[in-house]
Amino acid sequence: MAANAGNKIRNAKLVLLGDVGTGKSSLVLRFVKGQFVEFQESTIGAAFFSQTLAVNDETVKFEIWDTAGQERYHSLAPMYYRGAAAAIVVYDITNAASFTRAKKWVQELQAQGNPNTIMALAGNKADMVEARQVPAEEAQTYAQENGLFFMETSAKTAINVNNVFHEIAKRLLQGQQAQDTPAGMVLNQRPAERMVSSSSCCS
Amino acid sequence: MGSNSPPPSRAALEPFATLDPAALAGLPPSSPLTVRSAAVSAQHLYIGTGGGKLLLFTLQSQPQSPPEFLRLLPIPLLSRPVRRLGSLRNVSAVAASDDRSSLALSVGKKLLLLHLTLNDADELEVQTREIAAVVDAVKALAWVGDSVFVATASGYSLFSTTNTAQGLIDIFTLPESTRPPRVKPLSGGDEIMLLVDNVGVVVGRSGHPIGSSFVFNTAPDCIAEVFPYVVVAGDSKVDVYRRRNGAHLQAIPFARAATGALIVASEDAGTGSDVIVVATAYKVFCYRKVSAVEQIKALLRTKSYGEAISLLKEFEDDGEISKDMISFVHAQLGFLLFFDLRFEDAVNHFLLSETMQPAEIFPFIMRDPNRWSDLVPRKHYWGLHAPPKPLEEVIDDGLVTLQQALFLKKAGVDTVVDEDFLSNPPSRADLLELAIRNIIRYLCASREKELSSAEMEGVDTLLMYLYRALDLVADMEKLASSQNSCVVEELESLLDDSGHLRTLAFLYGSKGMCSKSLGIWRILARNYSTGLWKNHASLSETDSLETSVGKMSGEEIAAIEASKILQASSDQDLVLEHLGWVADIDQELATAILTSETREKQLSPEMVVAAIDPEKVGIHQRYLQWLIEEQGCEEPHYHTSYALSLSKSAMDAVHSESNYGDKNNKEFDSDMQFIYLLREKLQLFLQASDLYDPEEVLDVISESELWLEKAILYRKMGQENIVLQILALKLEDSEAAEQYCAEIGRDDAYIQLLDLYLDPKNGKEPMFTAAVRLLHNHGESLDPLQVLERLSADMPLQLASNTILRMLRARVHHHRQGQIVHNLSRATNLDAKLTRLEERSRHVQLTDESICDSCRARLGTKLFVMYPDDSVVCYRCYRNQGDSASGRGRNFSNGAIFKQSWLVSR
């Protein structure tokens, strides 16, 4: 998943999850190519992109999996979020049902996914405030309760799109440093394992 | 993905045969034949039928010809009888490992691994191992590397044969009511495609996803990979997708009537194969991969440049096209675009081609036959364009085509001419300029390449030719004046006729044709100065010069350029021929030419001096100065000439300064400064050089006020008294006069000086102060009597008394000092005498053994001599040896001997 220490470029698998039509592909298209298409076709299966992002003097190379929102392809999602360093759960602020679905995704990630995965909650279509159905405070509260970071985004106007990825990259690099310390404990466990195997070998 | 791509229009595959196996095998309609399976090898196509027949076809080596029916093969053609493996029943799926030694198969809800070996008795041994239990019936299996992919109605999972303890690992589950799962290894088993409805999810050997999903526009009946494509059959058509990104490239429908199971077969090798066979129940359709080159060629034929370029890029990315071919295609594209008058794009493609030779575009610039006609390679590329011809013709023909296209368009006929041109028709002049500018760009880039000298000549000459066509004077001159391979004969009359004389002069210069170049510069300088020539130098190139350095006239530029050539030239006649006009414009440049050290052979000073215009004193002087100071010339007459020249200049300067009294202070100051520097230079030279003739110089300056110079000259001539007169009386520089006396070093010099001070003659008052000063400084060393004799009666006593007193006191002091030294010496002398006496009165005892240190004879009662080093010799030896060498060979005249007791102890 995440890191090749020593090298300045860190690869990070990132997955976008969320209900159909919330704008996952549009967010990725905006981030990767700086483009926006009014009528983005529905994703089938999953689409793959990669994009690098410089944070201070380090570079994160995102391997982005843009999954299909259709319920029919839900069963494929675990393959994509398995081993992901980060996940962006996307809902549409003008669609309360999509927020409900987003919470389900968060639950699923918490239950099935990697506990170290950095999770972001993105309330997309922030440019359509007049049609808002999900109050920002509600999403913010939910995000805080569940340890996610939250941003309202707009792939159309590009608001917060880069910020979400940037924030993820920052947290990834911080998490990397934090993880470096407990790595020593793993080493301590190894001799025990070896002893078990060697005794079984002799018997 | 994929569904939003434009309708596929590529011809990645082309059908080349449709077979009716039954008819070909000569089977009567009464015995029906249904195709069940097919396989392709390098040369053969195998068709298996439902009736248990195997049909063999040969694939022709030349493309386009259909497979030829060879024969019907009997089914039991295997080398061994078919054997039933144990009690396996209801096997639902099977997959073989890469080395074919193991099989994975599913029986009911069990997954088994069979290991097959041939024992010594050539019998097959089978080891069976149950490896996992599955929930659903297994529909498909695939074994790649160490992984067995298992597809069931509920989803895909993976079993690792090296880590069996893990059991089955889920990859993903399938949605409800989906089509049967399908597993298709791709890229020789490095990746595996797992189907969900019409979606192909590509995963790696460990089950992790790789790349975007393929979205097929129908649920495929079967899938095959023919690099760089994925070919899918289903719904009565064959679809071609790009392997790299899943883009839908082509759809080939086939007869609706052809129903039944479809099979896509391709050579297993993956890459390199180019035959695809789609077998339906009664018909077999054969397709061939269209090569990258053919696909691009087809697009170029229809002038679909954009598509051709993106296709080229695609093949380049997929590694389907060689580097040379890429270069070839770029060149071909360039020529097509060129003939379509899209010059900028054309040259961009020319530049992308690494194999294109610059000579290929020469025919666009210069009509055949010409100097470089033989250089032009006869490349026709794909024969899609006319042979290159002069630009004007290309443009005229292109414009005619454009006109025709306009008419056709009005008549509603589609054309392949550039839309931009149709909506905004270009003018001939604009096109010509655009074409030339772009060819210039190409030629400039070509100059950086490694070319044969002939080709380099063509490139540079034609480049100049094109610059001239657009009157790009700055570029012409830059090319002409830098290192270039232009062929002068091709250009000289051309440049002369069009009045590009400066370029021509530069060109001659850079080619070492100095005389011709200088001739032009001389003409240019003359024309500029007479105003005949409208200053052609006000060009873009020199504009910057003019603003920064101030207005530089064309005349000066001509002189500068000429001087650059002349400075390097060793051709004396040429240098002296052109020296005059350059000197008329700028004496500095003329001086630089004469004193240049870059030429291989120096000019003869004699000829140079003779050639310098006598009016141009500055050049003459600076040349001589250089000759003497830099070149170390020791010819006395050049030293004399230089001294004379400097003297004359100094006199002229002094003279003219004194004549113009009505100058303001500032001018006066600068004049004085000038005179001062000039005289300083003269004085330094007169002092430093001993080679000039001082009398000759003196003749010139004798009437002038250049007294210091005269003093130096007289000094050279040894006329001490005149020197002192000048220093002491004319210049009243007593310090210098005393200094001179000190240099002479004799006491009488001071007396001479004193004489001059006390009796200056010519009615001048005696210079008592100076005299007193002299006495004060040097009185001790002068004879008081002589001094007193010379002191005149007129000298005021108060002035002299102090000094005379001092002088006399010094005398007495000197005398007493002498007495002391004398007495001290006497004391020493006495001491020495005493010591000598002591030395002489030494007692010496002689025995019978005493021998002479010299002749070794016994001394006995002989007369003997003892030396200060205690050696004793007989008298005879002493007479032979003398006083200065002792009996032990010590030479007292070389190394005196001292004994502690002899030293004066006081």
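The following exercises, with worked solutions, concern the fold of chain A and strand pairing in chain B of a predicted model.

Local features in this predicted model need pLDDT of at least 70, side-chain atom pairs count only at pLDDT 80 or more, and totals for chains, interfaces and linings use all residues. Residues are numbered from 1 along each chain as its sequence is written, chains are lettered from A and ligands numbered from 1 in the order in which they are written, and side-chain values use heavy atoms, without hydrogens and water.

**Exercise 1.** State which pattern the secondary structure of chain A follows.

*Solution.* Begin with the elements, which are DSSP runs numbered from the N terminus: helices (H or I, at least four residues) and strands (E, at least two). Chain A has six helices and six strands. Next, read along the sequence: the pattern is β-α-β-β-α-β-α-β-α-β-α-α.

**Exercise 2.** Explain why strand 14 and strand 17 of chain B each have one side without a neighbour in the sheet.

*Solution.* First, establish the order: the open, antiparallel sheet of four strands in chain B runs 14-15-16-17 (strands pair if DSSP finds at least two bridges between them). Strand 14 (183–186) and strand 17 (214–215) of chain B stand at the edges with a single partner strand each, so one side of each lacks a neighbour. Then consider strands 15 (residues 191–196) and 16 (residues 199–204) of chain B, which pair over six bridges; B:Met193 stands opposite B:Val202.

**Exercise 3.** Describe the hairpin of strands 20 and 21 of chain B.

*Solution.* Strands 20 (residues 237–242) and 21 (residues 248–253) of chain B run antiparallel and are joined by five bridges. Within this pairing, B:Val240 has B:Gln250 as its bridge partner. Finally, inspect the turn: five residues lie between the strands, and B:Gly246 has a positive phi of about 75 degrees.
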